[in-house]
Amino acid sequence: MIVEQIWTANSGRNFNYLVACPETGEALAIDPLDYQKCLDAAKAKGWTITQVLNTHHHRDHTGGNDQVIAATHAKLLAHSGAKDQIDGIDRGLKAGDVIKVGKTVELQCLDTPGHTMSHICVLSRTDRPALFCGDTLFNAGAGNCHNGGHPNELYNTFASQIAKLPDTTLVYPGHDYIANNLRFTLDREPDNARAKAMLPGMERQDPGHAHVTTLGEEKEINTFFRLNSPSVIRRLREAFPDVPENPDEKTVFLKLRELRNKW
Ligand SMILES: [Zn+2]
Ligand SMILES: [Zn+2]
């Protein structure tokens, strides 16, 4: 499996992806908003885009579908529950479905509601798994729930699915928000040494050659995985005096999501 992360350099800081089979050169385009960059990248590599996957229906993820499909005749894949929101779905996806790309690549679908209620993440069946997580999980952050989502569902997705993946899993999100998210982590957990050490490098990084985190790293730097950290809880109780001394993880997650909305 070859992964090409494409930096769109737009105001939304979107990442698009090509996932290719090294044997056949067939490729899956994930959320190819910047269709020209995606088509150009495929051409430069000698790949053929045969499928397009939308992680969810937001326009900054679906906005390049028509152009990529017109140029390549690729099939469109998206959550089966998004058929009223995304035009022209050829294959509706549900949890456990497998997307094959060429001869060698298999991606397993996870049904991951929260950012929207019909959001798909895909996990590669490779020795080292890679997770393409759209707007569910970001580097050092979590998706918002303002446009058709719900924070309870987002918590459930994190707790019951994302957090259970292997720590070695590579994380490929739909946007580059890492520097701002690390600042939020440090606002919530000022003694997070790993986040503090990472921030200057991430503020300087070229998103065209972005650092790819692992899930193990996320568990250290992403406040939405730091739900039992004593300093996260202490700071949270300063903001919300009604939070108990030993809050459950869901309460901490929901309060962090609420603070991040205003941060
Ligand atoms: Zn979105
Ligand atoms: Zn987005």
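# From a loop proline to a sheet and a helix group

Pro 190 lies in the loop between α5 and α6, the latter spanning residues 193-204, and it offers a convenient place to enter this structure, which is a predicted model. With a relative accessibility of 40%, Pro 190 counts as partly exposed, because that class covers values between 20% and 50%. Leaving aside residues up to four places away in sequence, Pro 190 touches Lys 196 and Arg 235. The second of these partners, Arg 235, stands 45 residues from Pro 190 in sequence, while the two C-alpha atoms are 9.3 Å apart in space.

From this loop the reader can turn back to helix α5, which covers residues 178-188 and packs with helix α9, residues 249-262, at an angle of about 120 degrees, the two axes lying 12 Å apart. That angle makes α5 oblique to α9, because it falls outside the ranges that count as roughly parallel, roughly perpendicular or roughly antiparallel, the perpendicular range ending at 115 degrees and the antiparallel one covering angles over 145. The crossing in which α5 passes α9 is right-handed. On the side of α5 the contact is made by Asn 180, Asn 181, Phe 184 and Arg 188, and on the side of α9 by Leu 256, Leu 259 and Arg 260. Sorted by character, the residues of this contact comprise 3 nonpolar, 2 polar and 2 charged.

Helix α9 also meets helix α8, residues 230-239, and here the axes come within 11 Å and cross at roughly 60 degrees. In this case too the helices are oblique, α8 to α9, and the crossing of α8 and α9 is left-handed. Helix α8 contributes Val 232, Ile 233, Leu 236 and Ala 239 to the contact, whereas α9 contributes Val 252, Lys 255, Leu 256 and Leu 259. The residues that join α8 to α9 divide into 7 nonpolar and 1 charged, with no polar residue among them. Leu 256 and Leu 259 of α9 therefore appear in the contact with α5 and again in the contact with α8, each partner being reached by heavy atoms within 4.5 Å.

Another part of the model is an open sheet of 5 strands, arranged in the order β7-β8-β9-β10-β13 with mixed pairing. Its edges are formed by β7, residues 98-101, and β13, residues 170-173, each of which pairs on one side only. From one strand to the next, the twist averages 25 degrees. In general, the strands of a sheet pair through backbone hydrogen bonds, and they may do so in a parallel or an antiparallel manner.

Starting at the edge strand β7, one finds 4 bridges to strand β8, residues 105-111, and these two strands run antiparallel. Within this pair, the bridge partner of Ile 99 is Leu 107 in β8. The hairpin of β7 and β8 has 3 residues between its strands, and in this hairpin Gly 102 takes a positive phi near 60 degrees. Strand β8 also pairs with strand β9, residues 120-124, in the antiparallel sense over 5 bridges, and there Leu 110 stands opposite Cys 121 in β9.

At the other edge, strand β10, residues 130-134, is joined to β13 by 4 bridges, and these strands run parallel. Here Gly 134 stands opposite Pro 173 in β13.

Key:
Residues are numbered from 1 along each chain as its sequence is written. Chains are lettered from A and ligands numbered from 1 in the order in which they are written. This is a predicted model: local features need pLDDT of at least 70, side-chain atom pairs count only at pLDDT 80 or more; totals for chains, interfaces and linings use all residues. Side-chain values use heavy atoms; hydrogens and water are left out. Axes are lines fitted to C-alpha atoms, for helices over the stretch in contact, and angles run from 0 to 180 degrees between N-to-C directions. Angles under 35 degrees count as roughly parallel, over 145 as roughly antiparallel, 65 to 115 as roughly perpendicular and the rest as oblique. A crossing is left-handed if the near helix is turned anticlockwise from the far one by less than a right angle, and right-handed if clockwise. Ala, Val, Leu, Ile, Met, Phe, Trp, Tyr, Cys and Pro count as nonpolar, Asp, Glu, Lys and Arg as charged, and the others, Gly among them, as polar. Buried means under 20% relative accessible area, exposed over 50%, partly exposed in between (1.4 Å probe, protein chains only). Two strands pair if DSSP finds at least two bridges between them.
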